[in-house]
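Reader: I'd like a walk through a few features of this model. Could we start with how helices pack?

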Amino acid sequence: MEFHDRIQRELGAMQSADRYRTIPSVAGRLGRHITIGEERLLNLSSNDYLGLGDDPVLRSAWLEAAGADLPPMSSSSSRLLTGNHPLAEALEAELSALYGGRAAMLFNSGYHANTGILPALAGRHDLVLSDRLNHASIIDGLKISDANWKRYRHLDCDHLEEMLQEARGKRRQCFIVSESIFSMDGDLVDLKRLVELKKRYGAILILDEAHAVGTLGQEGLGLAEQEGLGGEVDIIVGTFGKAFASTGAYAIMAPLLREYLVNTARPFIFTTAIPPVMLSWSLWTLRRQTGMQLERESLQALASKLRTSLQRQGFTVPGESHIVPVYAGANSRAVAMAEALRKNGFLALPVRPPTVPQNTARIRISLRATLRWEDVEGVARVLGEVA
Ligand SMILES: Cc1ncc(COP(=O)(O)O)c(C=O)c1O
């Protein structure tokens, strides 16, 4: 009984700190809207940044192309056993071609990629330097690796450089790991500077582009593509679950690293591979998104207009991407802001510690290329009234 009492107490503590989570009962998602219970709301909390996931026409076209020959619904084992499929190789070949001939490797999710790559590559003689606001999957990868690791202040390349200097000659290898668009702040890393630092200090640079693929770059390949620095980043991680509207993830790297990871990355080796049916859909959405430059531009323009209008209301709205965080400070204030939005037909969820640092609870608005200004202009007004 003691065990259950403790669990009950801890849940109670989460509730009183406004940190308690429940799974919403989503009745349906269609286009720009989501239905939760009886409520139909404008969905401002989706990572389907290009609107491909909620596009019934795209889905029908894919089904029609697949015809009666729908690929298998399961891989039934790891790719290293009997779970490989020509579609996995085709998807990797397509990614490899897009990324200028570098090797591509699929993972079942971004979480799998981040908890697989770092522990495989960095050992106890190495040091990993990680941005303080990196995603939980990167932190978990660090925690299960044998490597030493430290966090540098968010986006602070001077702090990172101090750490690189201090480690010089003392470690077998230094790694730098960062997101490109930060998932909770919507701000962008200074990739040029990271590349300079990695070269100067002989470090290996790993860039998580989960929120940038589909939204940045001529072909939607992320910040590295936009900055023309793709070839300089040792490992780029991209996910299929967000703008690419599917499931799974990939990493881009040198063929030698791929060969090593195939042999050592545990979340690649010890899991059933992505179902071929989903690989087929990923190929479909990947091809579709490469030509969506106009949608990417309108998404960025919408984000910048919303940011400006929220800032005019006096809100702190950091970042410069389609992820628009509106700072609330206290957890209870973030919850009140989310409730007010919901009463007015908008779904934008509050994000609270431990997902973000203490006292920086916020509303995270993630915009999509399918939204127009008329859809979101009420957001600033509603939040202004709460304030
Ligand atoms: C920066 C970042 N990396 C990785 C992931 C995990 O990706 P996936 O949802 O494919 O597991 C996320 C998901 O939220 C993310 O925000």
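**Helix packing and faces**

Author: Sure, and keep in mind that this is a predicted model. Two packed helices are described by the angle between their axes and the distance between the axes. Here, H4 and helix H5 (residues 136-144) pack at about 35°, and their axes are 8 Å apart. The crossing of H4 and H5 is right-handed.

Reader: Which residues of H4 and H5 make the contact?

Author: From H4 you have Gly 110, Tyr 111, Asn 114, Thr 115, Ile 117, Leu 118 and Pro 119. H5 brings in Ser 137, Ile 138, Asp 140, Gly 141, Leu 142 and Ile 144. By class, that contact comes to seven nonpolar, five polar and one charged.

Reader: And what does H4 do for the ligand shell?

Author: Helix H4 (residues 110-121) supplies the largest share of the shell, three residues. There are 14 residues around the ligand, and Ser 109, Gly 110, Tyr 111, Ser 183 and Ala 210 come nearest. Sorted by class, the shell has three nonpolar, nine polar and two charged residues.

Reader: Next, how do I read the faces of a single helix?

Author: An α-helix has 3.6 residues a turn, so residues three or four places apart point the same way. Now take H6 (residues 157-167), where Cys 157, Leu 160 and Leu 164 are buried. They span an arc of only 55° around the axis, which puts them on the same side of H6. Asp 158, Glu 162, Gln 165 and Glu 166 are exposed on the other side of H6.

Reader: What do the buried residues of H6 pack against?

Author: Three strands and a helix: strand E5 (127-131), strand E6 (148-152), strand E7 (174-179) and helix H7 (191-200). After H6 comes Gly 169, with a positive phi near 75°.

Reader: How many residues of helix H2 are buried?

Author: Zero of the 11 residues of H2 (residues 56-66) are buried, so this helix lies largely in the open. Just after H2, Gly 67 has a positive phi of about 60°.

Reader: One last spot: where is Asn 84 found, and what does Asn 84 touch?

Author: Asn 84 is in the loop between H2 and helix H3 (86-98). To judge burial, count C-beta neighbours: Asn 84 has 15 inside 10 Å, so it counts as partly exposed. Leaving out residues up to four places away in sequence, Asn 84 touches Arg 79 and Ala 273. Asn 84 and Ile 274 are 190 residues apart along the chain, yet their C-alpha atoms are separated by 9.2 Å.

Technical notes:
Residues numbered from 1 in each chain as written. Predicted model: local features only at pLDDT ≥ 70, side-chain atom pairs only at ≥ 80, totals over all residues. Buried ≥ 20, exposed ≤ 12 C-beta atoms within 10 Å, placed from the backbone. Helix = DSSP H or I, 4+ residues; strand = E, 2+ residues; numbered from the N terminus. Arc of directions from axis to C-beta. Contact = placed C-beta atoms within 7 Å. Near = placed C-beta within 6 Å. Nonpolar A, V, L, I, M, F, W, Y, C, P; charged D, E, K, R; others polar. Axes fitted to C-alpha atoms, helices over the stretch in contact; angles between N-to-C directions. Left-handed = near helix turned anticlockwise from the far one by under 90°.
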